[in-house]
Amino acid sequence: MKKTEKVAKSSHNAKVNKIVSYAKTFRGTRYKFGGTTKKGMDCSGLIFIAFSKEEIALPRVSRDMAKTGKPISLSKSTKGDLVFFRTNKSKKAINHVGLVIESRKGEVLFIHSTTSRGVIISSMEGYWENAFVEARRVM
């Protein structure tokens, strides 16, 4: 790897770490549709503001976020990637997004805002594995 590639990778990793760290500061924040503050936030609001803090512009809603970046397999997802879900089985549209905070040994952990528990960290298993649609790399 060339020195310029190492510097770029290091800069990229630093940015990813800042995005994830900032998103984690909202753990425990209650769910509020359309919200983007500690008073309440929805899933896409959490992702939108975490990336905005590092001057990365994303669409505001999850179904539009799912059109950005490039699709990747869940097994290749890493910290900073987005995971998209369809939680309403009667509709075909993506309606939920999370931010991968850790991916190792086949386990993917992501932070997101749920209607029942607010901003939490979940594992990609059970309910979330069944609702999973795709993973995308936006940076």
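This is a short talk on one predicted model, from its sheet to its aromatic rings.

Good morning, everyone. Some ground rules come before the structure. Residues are numbered from 1 along each chain as its sequence is written, and side-chain values use heavy atoms, with hydrogens and water left out. The model is predicted, so to speak of local features we need pLDDT of at least 70, side-chain atom pairs count only at pLDDT 80 or more, and totals for chains, interfaces and linings use all residues.

Let's start with the sheet. Which strands form it, and in what order? The order is β3-β8-β4-β5-β6-β7, so to read it off: 6 strands, an open sheet, antiparallel pairing. Strands here are DSSP runs of E with at least two residues, helices are runs of H or I with at least four, and both are numbered from the N terminus. Two strands pair if DSSP finds at least two bridges between them. In general, strands of a sheet pair through backbone hydrogen bonds, either parallel or antiparallel.

Now the edges. They are β3 (70–72) and β7 (118–123), and each pairs on one side only. From one strand to the next, the twist averages 35°. Axes are lines fitted to C-alpha atoms, for helices over the stretch in contact, and angles run from 0 to 180 degrees between N-to-C directions.

Helix α2, residues 43–52, packs on this sheet. It touches β4, β5, β6 and β7, where contact means heavy atoms within 4.5 Å. The direction of α2 makes about 60° with that of β5. Is α2 enclosed or open? It is largely enclosed by the rest of the structure, because 8 of its 10 residues are buried. Among them are Cys43, Leu46, Ile49 and Phe51. Buried means under 20% relative accessible area, exposed means over 50%, and partly exposed is in between, with a 1.4 Å probe and protein chains only.

Look next at strand β4, residues 82–85. Both of its faces are covered. Leu82 and Phe84 are buried on one side, Val83 and Phe85 on the other. Strand β4 runs antiparallel to β5 (residues 96–104), with 4 bridges joining them. Valine 83 has glycine 98 as its bridge partner in β5, and phenylalanine 85 has histidine 96. Another 4 bridges join β4 to β8 (residues 132–137), again antiparallel. There, phenylalanine 85 stands opposite phenylalanine 132.

On to β5 and β6. Strand β6 covers residues 107–114, and 5 bridges pair it with β5 in the antiparallel sense. Leucine 99 has isoleucine 111 as its partner in β6. The two strands form a hairpin with 2 residues between them. In that turn, lysine 105 has a positive phi of about 50°.

Now the rings. How many aromatic pairs does a search of the whole structure find? It finds 6. Rings of Phe, Tyr and Trp (its six-membered ring) pair if their centres lie within 6.5 Å; planes under 30 degrees apart count as stacked, over 60 as edge-to-face, and the rest as tilted.

One pair is tyrosine 22 with phenylalanine 26. It is edge-to-face, at 5.2 Å centre to centre and 90° between the planes. Tyrosine 22 is partly exposed, at 26% relative accessible area, whereas phenylalanine 26 is buried, at 4%. Lysines sit over both rings. Lysine 38 lies over the face of phenylalanine 26, 5.0 Å from the ring centre. Lysine 53 lies over the face of tyrosine 22, at 5.1 Å. The test for a charge over a ring is NZ of Lys or CZ of Arg within 6 Å of the ring centre and within 35 degrees of the ring normal.

Why is the pair of tyrosine 127 and tryptophan 128 edge-to-face? Their planes are at 85°, with ring centres 4.8 Å apart, so the pair counts as edge-to-face. Ring pairs link both of these with Phe85, Phe110 and Phe132 into a cluster.

Last, threonine 25. This residue is in the loop between α1 (3–24) and β1 (36–37). Threonine 25 is partly exposed, at 39% relative accessibility. Threonine 25 and lysine 38 are 13 residues apart in sequence, and 9.0 Å apart in space, C-alpha to C-alpha. That's my tour. Thank you.
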